[in-house]
Amino acid sequence: MPAEQQPPARLVRFAPFKSRAEPPFWLDHSSRKLNELRLDESGSELAGHFGAGGSSEIRYDASSGGQSSSGGDEGGGARAARRNERVRAGGTVHSLNTVESFKRLDKNRFLNDAALSSILDCCRPSAGEEESDPNEALVRTACVTHCDLKLNRTVYWFAYPALSPRRGRAVAYSALGRAQSRLGDVWDGGRCRRLAGAFHSFRIEQESSGSGVVWCPPYFILLTDDDGGVTRCMSLSKSNYGSLSDEERTTAMFGFVDPNSSTAGEESNELQPVGWTLRNLVAYLSLGLGLGGSDRRFLSYRSSTALRRIELDNEELGGEESHGFEDLGRDDGGIGRSLLLSITIPHAVDYQWPATTDQASSSATTHEYKCVGWELNQNNKPGPRSVDLRPLVSPAHLSRQANDLNLRLMKWRALPSLDVGMLSRLKVLLLGAGTLGCNVARTLLGWGVRNMTFVDGGRVSYSNPVRQSLFTVDDCREGGKFKATAAAEALSSIAGQDVRAEGV
């Protein structure tokens with residue numbers, strides 16, 4: 001008699017991130033490409049941020065592509081350095097110079113280069129090296145772009161690198177017990193409120209001990225008592241986990257701020273998709289904490305309302321009542337939509353892919369692991385997106401940017417000593433607006449000169465337009481316009497109001 005077959009494994013479904021980059025972000029990125037990055041494709045700082053229980057949306061502000069780490073926050077001092085209601089995803093953006101290089105880019109290799117080393121270093125630090133912070137190393141973002149500076153159109157593709165088990169292996173729910181439970185259905189209101197208070201206190205601890213910009217930690221360890229009641233939240237790290245007793249390790253849950261609040265399948269009792277950030281958390285527990293093959297409990301922390309920013313200037317550190325946590329008055333603390341998960345953690349070897357031979361420049365160990373995480377496009381398929389900035393830019397700005405672009409390209413590629421700024425500040429006096437004067441003015445305009453004055457007392461005749469490029473037949477009517485005035489008007493119509501030209 002054949003052995004009884006085991007039921008098929010129930011795989012964890014992950015809700016992928018969706019980028020939300022507003023037009024100011026792309027305008028700022030185009031400006032930085034033109035004025036700072038130039039031909040550099042090596043990558044620059046990028047930072048996105050997301051909240052708890054949203055639509056898996058990760059936002060990028062105008063300052064996200066620069067050196068500012070405040071996430072676009074306004075104001076100054078301590079307030080500008082607080083984003084503790086949001087989770088930060090750091091990374092790099094690579095702006096490629098041609099659309100051909102964008103198309104030819106090896107996307108899989110790019111994704112591995114962007115985050116694989118930081119993820120593996122966090123999970124398996126080398127001997128003698130300090131442990132990196134999982135809250136930073138495991139939540140990463142990357143982006144590759146091509147900015148068409150003449151057409152003001154940007155092609156881009158965001159990615160959210162996550163370590164992937166090899167083919168045939170996957171993250172699955174435990175075969176024992178309930179795979180997924182809604183927190184509000186299995187915990188009473190008092191227990192939920194204690195969890196909300198413990199997480200709020202945990203955020204305050206991070207705020208108090210942090211330096212610079214403080215964000216909400218994406219991961220934490222949740223400790224419970226013998227009755228299953230919440231005692232406290234603590235930072236996720238090998239040292240913190242190692243300090244727990246055997247009993248605490250057995251009962252501890254691993255929590256993550258879930259950016260996804262989808263209720264798809266809730267009515268039909270189907271398993272709901274969970275946030276993308278869980279992928280790297282599971283990999284960290286397998287590779288970093290050696291928990292592969294064990295069944296562990298996880299808390300998908302979701303909130304029915306957005307997390308509020310904690311302002312310590314107006315709070316004391318003692319007591320729930322003084323924390324200003326508005327949701328504590330709710331029946332479930334505002335977190336009843338959170339999920340309790342029971343997951344079987346893959347073995348460490350399940351993350352090792354067969355080594356390849358076409359990656360001679362990198363170590364074999366690195367190439368035994370792979371990342372996934374390219375964003376889906378508007379057709380719900382892996383692929384880039386694009387944004388057209390022309391409707392958002394004034395014609396004068398478009399004209400100036402297009403006129404300057406060729407000059408900057410010459411500077412970057414052939415004339416490094418060319419002072420483009422000096423040319424735009426020059427003031428030129430042209431004596432005569434005939435054939436030579438018109439051609440000289442047009443040439444100066446092409447070299448970025450913006451301030452010109454014509455001196456010519458003659459008028460435009462019908463024989464002039466075919467030889468003098470700034471005049472038309474309309475300038476010859478009614479005795480003809482003064483050449484100096486007509487030439488200045490022509491320059492303004494050619495290059496926009498940014499040109500300051502006059503005729504005397």
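## From a loop residue to the cores

R38 sits in the loop that links α1 (23-37) to β3 (44-50). In this predicted model, the phi of R38 is near 55°, a positive value in a residue that is not glycine. R38 has a relative accessible area of 33% and is therefore partly exposed, since that class covers values from 20% to 50%.

N152 is another residue with a positive phi, of about 55°, and N152 is not a glycine either. The residue belongs to the loop between β7 (140-148) and β8 (153-163). Is N152 buried or exposed? Its relative accessibility is 6%, so N152 counts as buried, the limit being under 20%.

These loops belong to a protein with 14 helices and 22 strands. The protein has 504 residues, of which 49% count as buried. Contacts between residues at least 6 apart in sequence can be sorted by separation: 74% of them join residues at least 24 apart. One pair that is distant in sequence is D133 and S237, which are separated by 104 residues along the chain but by 7.3 Å in space, C-alpha to C-alpha. D133 is located in the loop between α4 and α5 (134-137). With a relative accessible area of 35%, D133 is partly exposed.

The helix before that loop leads to a helix pair. Two packed helices are described by the angle between their axes and the distance between the axes. For helix α4 (residues 107-123) and helix α10 (residues 278-287), the axes come within 9 Å and cross at roughly 45°. The two helices are therefore oblique to each other. Which residues of α4 and α10 meet? On the α4 side they are I119, L120, C122 and C123, and on the α10 side N280, A283, Y284 and L287. Sorted by class, this contact holds seven nonpolar residues, one polar residue and no charged residues.

How many of the residues of α10 are buried? The count is 10 of 10, and the helix is mostly covered. The buried set includes residues that meet α4, such as N280 and Y284, and also R279 and S286. An α-helix has 3.6 residues a turn, so residues three or four places apart point the same way.

L278, in α10, also has a place in the largest nonpolar core. That core has 93 residues, and those touching the most other members are L163, F254, L278 and F298. Apart from neighbours within four places in sequence, L278 contacts V12, F14, F256, F298, L341 and I343. A second core of 21 residues is separate and includes V428, A433, A441 and V449.

F254 and F256 are both residues of strand β14. β14 (residues 253-257) is mostly covered, with five of its five residues buried. The burial applies to both faces: M253, G255 and V257 lie on one side, F254 and F256 on the other. β14 also has pairing partners. Strand β12 (residues 219-224) pairs with β14 in the antiparallel sense over four bridges, and L222 has M253 as its bridge partner in β14. With strand β16 (residues 295-301), β14 pairs in the parallel sense, again over four bridges. Here F256 is bridged to S300 in β16.

Further along the chain is an open sheet of three strands, in the order β20-β21-β22 and with parallel pairing. Why is one side of β20 and of β22 left without a neighbour in the sheet? β20 (427-431) and β22 (500-503) stand at the edges and each has a single partner strand, so one side of each has no neighbour there. Direction ignored, neighbouring strands of this sheet are turned by 15° against each other on average. β20 and strand β21 (residues 451-455) run parallel and are joined by five bridges. Within this pairing, L430 is opposite F454 in β21. Helix α14 (residues 483-495) packs on the sheet and touches β21 and β22. The direction of α14 makes about 165° with that of β22, and angles over 145° count as roughly antiparallel.

How values were computed: Residues numbered from 1 in each chain as written. Predicted model: local features only at pLDDT ≥ 70, side-chain atom pairs only at ≥ 80, totals over all residues. Heavy atoms only, no water. Axes fitted to C-alpha atoms, helices over the stretch in contact; angles between N-to-C directions. Parallel < 35°, antiparallel > 145°, perpendicular 65-115°, else oblique. Contact = heavy atoms within 4.5 Å. Nonpolar A, V, L, I, M, F, W, Y, C, P; charged D, E, K, R; others polar. Pairing = 2+ DSSP bridges. Buried < 20%, exposed > 50% of the residue type's maximum accessible area, 1.4 Å probe, protein only. Core = buried A, V, L, I, M, F, W, Y, C linked by side-chain atoms within 4.5 Å.
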